[in-house]
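Please read the following walk through the model with the coordinates open beside the text. The account begins with how strands are paired and then moves outward from there.

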Amino acid sequence: MAPQQRQTETDRRLRPAVGLVVVSAALVGAVSIAHLPSYGVREATVIWAALISLVAIGFRVKVGVRIRATNHDIAWTETAIVIGLAAAPVPVVVLATGIGVAIATLLARGTPLKRAFGIGKNMLVAAAAGLVLQLLEWSAENHDIGQAMIALGAAYLAAVLIDELITLPVIAMATGTSLRKLFRDDWDLRVTAALTRLVVIVGTVLIIRFDARLLLAVPPLVLSLHLLYLSRVRARTEQQVWQRLAQTTDALNVVDLDEVLTTAITRAAELFSADEVEIELRDAGRIARGGTTGITYDGPADERTMQGAVASVPLEGHDKSIDVGVLRLRFQGPVQLNERERYTLHTFASALCTAVRNAQAYAELARVAQAHAHAAAHDALTGLANRRHLLDEGNEQLHNRHADGVTALVLIDLNHFKEVNDTLGHAAGDQTLVRVAERLRGAARADDLVARLGGDEFAVLLRALPAPAVAAHRAETLLATLHEPFDIDGMRISVEASGGIAIAPATGGVVELLRRADVAMYQAKRTGQRIATYAPARDTADLGRLTLSGELPRAVADQEFTVNFQPIVDLGTGEVIAAEALARWRHPTHGMIDPLRFLDAVERSGLLPAFAEAILDQALIAAGMWRDAGFGVPVAVNVSPRSLLDARFPSAVLARLRAHDLPPDRLMLELTETLTLSQLDVVDQVLTRLRDSGVRLALDDFGTGYSSLSLLSRVPVHELKIDRSFVTAMESSAEAAAIVRSTLDLGRSLDLAVVAEGVEREAQRHALWELGCTAGQGHLFARPLPAGTLLAALRRGTGGRPGALATALHDAGAVVRLPPGRRPGARGRHQPA
C-alpha cells in the first residue's frame, strides 16, 4: 500500500472521532457567541489581541514526539487557556482559543483534519476549564490566594484531563499504539510539566491582578519556561534512548542466531518506533522481518521491497571491514530521522553486526564440534556407530534396562571376506561392507543400534526385547538379509556370515556382553552353524564358572589331563583300524571336565605346547601298549591351529615318536579347517615337514569350514573326515546326502581315505557303506574309552573276532562287489602294523 493510500486510510478511520469533536466545539462556540459581553473598542482590542496571541503562542510552542510515522506535539495551550479564563469571561476565551489555534495551524500548514481537530479540541478544553471556574464561582476580584489556587488548579486539571481524554484515543487510532502504553509513557514528565504550568498560571494571574495590561508580558515568560522544559525533555529522552540501547545490546549478547534476529527486530521496532524492521544476511541469503510483536517472515531473500519511508544502514563493524548484511526500518508515512536517531541507528547496527558474527561463529563451532562428535562415534566408511558409540549406548541402556525389557547383542562376522579383498581389490571390499551395513540398518528396528566394530565385524544392539528368546529370531532376520547376492561393479557377490547372540549379563556391562557374543560367534563357526547363542557351558573365559583358567598351570604340572580314545572302525568288517585321542580334564574337585570348557582357555594361555606334549605322550603310550598287545592300531590326535604356527612343532612331534619307539605312520594328526591353514607360509612349512617325515594328516570336520576345496590344493592331507552333522542328516536331507556323496567322490579322485563321524545307527553304517565309505566312528561302535578299556574290548572282540567291535556286513570268504574306487590298501587307509 502506497504512503498516500495509507494516510487516506488513517484519515478515514479518524473522521468519525474528529467529526464528533468538531460538532461539539461548534455547539460550544455558538453558545459562547450568544453570551459575549460588550467591551469598549480599546479594551476589546487589548483583551482579544492578548488572548488570541497567548493561545497562538501556547499552541505553537510545542515538544514534538514521533510515534511510528506520526508526529505528535505537546503544547502549552492549556496553560494559555486557563490564564485567559482567569482574566476574561469564558465565552471570550472559548472563541479566542478557536481563533488563536486556527491562526497557529494555518501558519503550520497542517492537514485540514488536523486543523479541525486542534481547533475543536482546544475550544472544548477552554469550555470545560471555564465551566469548572464558574462552578467554583471564580472572580478575578477575589483576593483570597488560597481560593484562587484551588479554583485555578481545578480548572487546569479539567483542561488537562479533557485534553488527554480527547487526544490519546485519537493518537492510538492513528498509530496503532496501545492506549495504555500511551498513557503510561513519560507520565512523570507530564506530571512535572503540569505542576510547572500550574505555577505559571498562578503566577501570571497574580501579575494580572496588578494590571491586566501585563498579560502581554506573559507570552515571553511562557516561551522561556518552554525552552527550559524542552531542554529537560530532550535530556530525558536522550537518557532513555541510551538506556534502551544499552539494554538492547545486552539482550543481543546470545549465541543463537534466531534469538539474535528476534531480539533485534522487536527491540529495534520499539527503539526507533518503526512500523516494520527487516534484517538481511547476505552470506546466508536470509531475510527476517517483523515488528514489536515478533518476526512475521524468516526465510530466503525475496523480491519484496519495503513500502513507505525506509531507513537502512549496513551491518558492519566499527572498522567497516566486515559487512554481514543490512538493517532496514520502515515507516508508513514520511519520516526523517534526526541526527540523534541516525547515530543511535548506526550504533545499534554495529552491535547487531557483532551479535550476528558471534552467533554465526558459535554455530560454526557447534557444527564442527557436532561433526567431530559424530566422527568420533561413527564408522567413517559405513556411517554406522563404532565400537566406542556401542559401548557408550550399551552401558547407558544396561543402566536403565529395568524399564526397557531385555537387552541383547548380535555379533556378526563375514566369512570369506578376505577373498573379496584379495580377488576384487579393497575398493570392492569397501563397497561390500557399505552394502552389508545398509542391509543390516534396513533390517534393524528403530530401537536397535547397528555398529561396525572394525574389519568385517558388525554388531547389533537389540533393545527392549519382550523376552530373551526373541533375540534368536531377530538375529535370524538380520543374517537372512545378507543371503541375497550383492551387485558390486557389475559382479554378483555372495556373502556368508556367522553370528553370535548374547543376552545382557547381570554384571560386566557391554564389554562382557561383547565377549559373550564373541564366544557364541566362534562357537557357531566351529560347529558350522550360522548362528549360536551364548551358553556358559561352552565359555572357557566365564569368570563365574570354576575359574578354570587359573588352574591350568597346576593341571598341566599335576598331569590332570587324561586321554580317552574313540575307535575308528572299518564299516565293512567291523574291525578297529585306528583310534582318535580325546582329551579330558580329571579335576580333583569337579570331576571329569569336557574339553569344550577348557580347550580355548588352553590355546589362549601360554600352556599350549606343554598341554599338547602331554596329550601326545599319552596317545603314543596307548599306541605302544596296543602294539605290544598285538593290535597295530594307529592313534589320531587333534592339533590346535596355533601349534601349526610354531616352526618347532614338527621337531617336537618327531622327538616324542622316537621317545616311544613308534614309526611316524602310527600317528595321524587331525587338522581343524580354518583360515590359518591357508593363509600363512609357516603353516605350509610345518605340514610339509610332518608329511615328509611320515606323519599322516587328516582334515577334520570336512565341509563345514572356510574353503575346503582350496585347502585341499595346498594342505597335504591323507584323510578327510566327514562332519557328524552331515552323517546325522543324510537320511532326511537330500542336501546332506549329496555332500556326503561328493566328499566320498572327492576322496576317491584324490586317493584320500574318508572317515564318517557320528555313526550312531546301523542304518547309517549300511548307507555309508553303500555310498563307498570304508571307515567310520561313533557311538554305534564305542564311546570314548580309556586306553586300557579299549585294549580289553579289542581282546574280547565281537563274534569271536579280536580287534572287531561290530559284526561284519558280509560273511568271511564271501565275494563282495566293492563300489568304484574302494579297494583295500588304498593310500590313506589306516594299515595294521
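Two strands are said to pair if DSSP finds at least two bridges between them, and the elements themselves, helices (H or I, at least four residues) and strands (E, at least two), are DSSP runs numbered from the N terminus. By that rule, β22 and strand β23 (residues 775-777) pair in the parallel sense over three bridges, with Glu757 standing opposite Gln777 in β23. The model is a predicted one, in which local features need pLDDT of at least 70 and side-chain atom pairs count only at pLDDT 80 or more, while totals for chains, interfaces and linings use all residues. Residues are numbered from 1 along each chain as its sequence is written, and side-chain values use heavy atoms, with hydrogens and water left out.

Strand β22 also has a partner in strand β21 (residues 719-722), to which it is joined in the parallel sense over four bridges; here Ala756 of β22 is the bridge partner of Ile722. Five of the five residues of β22 (residues 753-757) are buried, so the strand is largely enclosed by the rest of the structure; buried means under 20% relative accessible area, exposed over 50%, and partly exposed in between, with a 1.4 Å probe and protein chains only. Ala753, Val755 and Glu757 point one way from the strand, whereas Val754 and Ala756 point the other way, and all are buried.

Strand β8 (406-415) invites a similar reading. Ten of its ten residues are buried, so β8 is largely enclosed by the rest of the structure. One side carries Val406, Ala408, Val410, Ile412 and Leu414, the other Thr407, Leu409, Leu411, Asp413 and Asn415, and both faces are covered. The pairing of β8 with β10 is antiparallel and extends over seven bridges, with Val410 opposite Val460. Eight bridges join β8 to β13, again in an antiparallel arrangement, and in this pair Asn415 stands opposite Glu496.

These strands return in the surroundings of helix α16 (residues 509-527), whose 19 residues should span 27 Å at 1.5 Å a residue (the expected span being 1.5 Å times one less than the number of residues); the end C-alpha atoms are 28 Å apart, which agrees. The buried residues of α16 include Val510, Leu513, Leu514, Ala517, Met521 and Ala524, and among them are also Glu512, Arg516 and Lys525. Through contacts (heavy atoms within 4.5 Å), the buried residues of α16 pack against α12 (387-399), β8, β9 (449-454), β10 (457-465), β13 (496-503) and β14 (531-533). Just after the helix, Gly528 takes a positive phi of about 75°.

What is the exposure of Arg445, which lies in the loop between α14 (426-443) and β9? At 55% relative accessibility, Arg445 counts as exposed. Arg445 and Leu462 are 17 residues apart in sequence, and their C-alpha atoms are 8.4 Å apart in space.

Elsewhere on the surface, Ile99, in helix α4 (residues 90-108), is partly exposed, with a relative accessible area of 38%. Ile99, Ile103 and Leu107 make a nonpolar surface patch of about 280 Å².

Turning to the chain as a whole, there are 27 helices and 24 strands. Of its 833 residues, 48% count as buried. Among contacts between residues at least 6 apart in sequence, 69% join residues at least 24 apart.

Methods. Patch = residues over 30% accessible without salt bridge, like charges linked within 9 Å, V, L, I, M, F, W, Y side chains within 5 Å. Areas by Shrake-Rupley, 256 points an atom, 1.4 Å probe, with all protein chains shown as cover. Salt bridge = Lys/Arg side-chain N within 4 Å of Asp/Glu carboxyl O.
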